[in-house]
Amino acid sequence: MNAESPSAEVLAVVPRLAQLSNAVNRGRLTERAAEAAGLALDRPAVGVLMTLHMADRPLRIGEIADRMQVVGPHVTRQVQGLERRGLVHRVADPHDRRASLIEPTSEGTEAANRYAASLVGWFSQAIADWSDEERADLGRLLGRLVDDVTAHLGRLDEG
């Protein structure tokens with residue numbers, strides 16, 4: 001298959017992805033999950049907190065920005081707000097004394113766990129009637145789609 005003649009299967013998926021994104025955004029899922037978790041945070045702040053929560057180590061501002069695919073100054077402002085709320089803090093970078101790393105505080109970790117639990121609960125309810133096999137297929141295929149799209153976009157950025 002070449003880029004000029006996409007298959008009917010691919011053409012059918014693209015509008016469905018847009019529809020899913022629109023439904024999640026219109027349904028204010030991020031805001032509802034934050035509210036259910038007791039977080040008075042906007043979407044960008046939740047994104048930074050969850051990026052840090054899912055990381056296996058403290059991150060530099062630039063690493064957070066890369067993972068979120070946004071610019072550094074945007075992340076800096078969000079981190080400052082999260083710091084004021086006691087949800088993240090800076091730690092020294094052991095490899096560069098001039099730099100600092102950002103990590104969630106214990107309160108930030110608890111907040112991120114509550115937020116994640118709210119999202120998991122919502123999605124679990126949405127697909128409650130699905131079979132175990134269908135849920136496993138969704139996880140496997142969605143993971144593969146994210147990995148492949150991310151890799152493809154990375155190659156485009158390199159070229």
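In which helix does Thr51 lie? In this predicted model, Thr51 belongs to helix α3, which spans residues 43–54. With a relative accessibility of 12%, Thr51 counts as buried, because residues under 20% are placed in that class. When neighbours within four places in sequence are left aside, the contacts of Thr51 are Leu59, Ile64, Arg67 and Met68.

One of these contacts, Ile64, also appears among the residues of the largest nonpolar core, a set of 25 residues in which Leu41, Leu49, Ile64, Val79, Leu82 and Tyr115 touch the most other members. At least two residues of this core come from each of α2 (29–36), α3, α4 (61–68), α5 (72–84) and α6 (106–126). Among the contributors, α3 gives the most to the core, with six residues. For Tyr115, the contacts that remain once residues up to four places away in sequence are not counted are Thr30, Ala33, Ala34, Ala37, Leu39, Val46 and Met50.

Beyond the core, the model contains pockets, of which the largest has a volume of about 1500 Å³. This pocket is lined by 33 residues, and those closest to its centre are Leu17, Leu20, Leu138, Leu142 and Leu145. Two or more residues of the lining are given by each of α1 (8–26), α2, α4, α6 and α7 (132–158), and it is α7 that gives the most, with 14 residues. Sorted by class, the lining of the largest pocket comprises 20 nonpolar, seven polar and six charged residues.

The second largest pocket has a volume of about 520 Å³, and its lining is made up of 13 residues, with Val24, Thr30, Met54, Tyr115 and Leu119 lying nearest its centre. Tyr115 thus has a place both in the largest nonpolar core and in the lining of the second largest pocket, while Thr30, which Tyr115 touches, is likewise one of the residues nearest the centre of that pocket. Helices α1, α2, α3 and α6 each supply at least two residues of this lining, to which α3 gives the most, with five residues. The helix that holds Thr51 is therefore, by these counts, the one that gives the most both to the largest nonpolar core and to the lining of the second largest pocket, as counted over helices defined as DSSP runs. By class, eight residues of the lining of the second largest pocket are nonpolar, four are polar and one is charged.

Technical notes. Residues are numbered from 1 along each chain as its sequence is written. This is a predicted model: local features need pLDDT of at least 70, side-chain atom pairs count only at pLDDT 80 or more; totals for chains, interfaces and linings use all residues. Side-chain values use heavy atoms; hydrogens and water are left out. Helices (H or I, at least four residues) and strands (E, at least two) are DSSP runs, numbered from the N terminus. Buried means under 20% relative accessible area, exposed over 50%, partly exposed in between (1.4 Å probe, protein chains only). Contact means heavy atoms within 4.5 Å. A nonpolar core is a set of buried Ala, Val, Leu, Ile, Met, Phe, Trp, Tyr and Cys residues joined through side-chain atoms within 4.5 Å. On a 1 Å grid over the protein atoms alone, a cavity is a set of points where a 1.4 Å probe fits but cannot get out, and a pocket is an open set with protein on both sides within 12 Å along at least five of seven lines; lining residues have an atom within 4 Å of a point. Grid points are joined across faces, edges and corners, and a volume is the space filled by probe spheres set on the points. Ala, Val, Leu, Ile, Met, Phe, Trp, Tyr, Cys and Pro count as nonpolar, Asp, Glu, Lys and Arg as charged, and the others, Gly among them, as polar.
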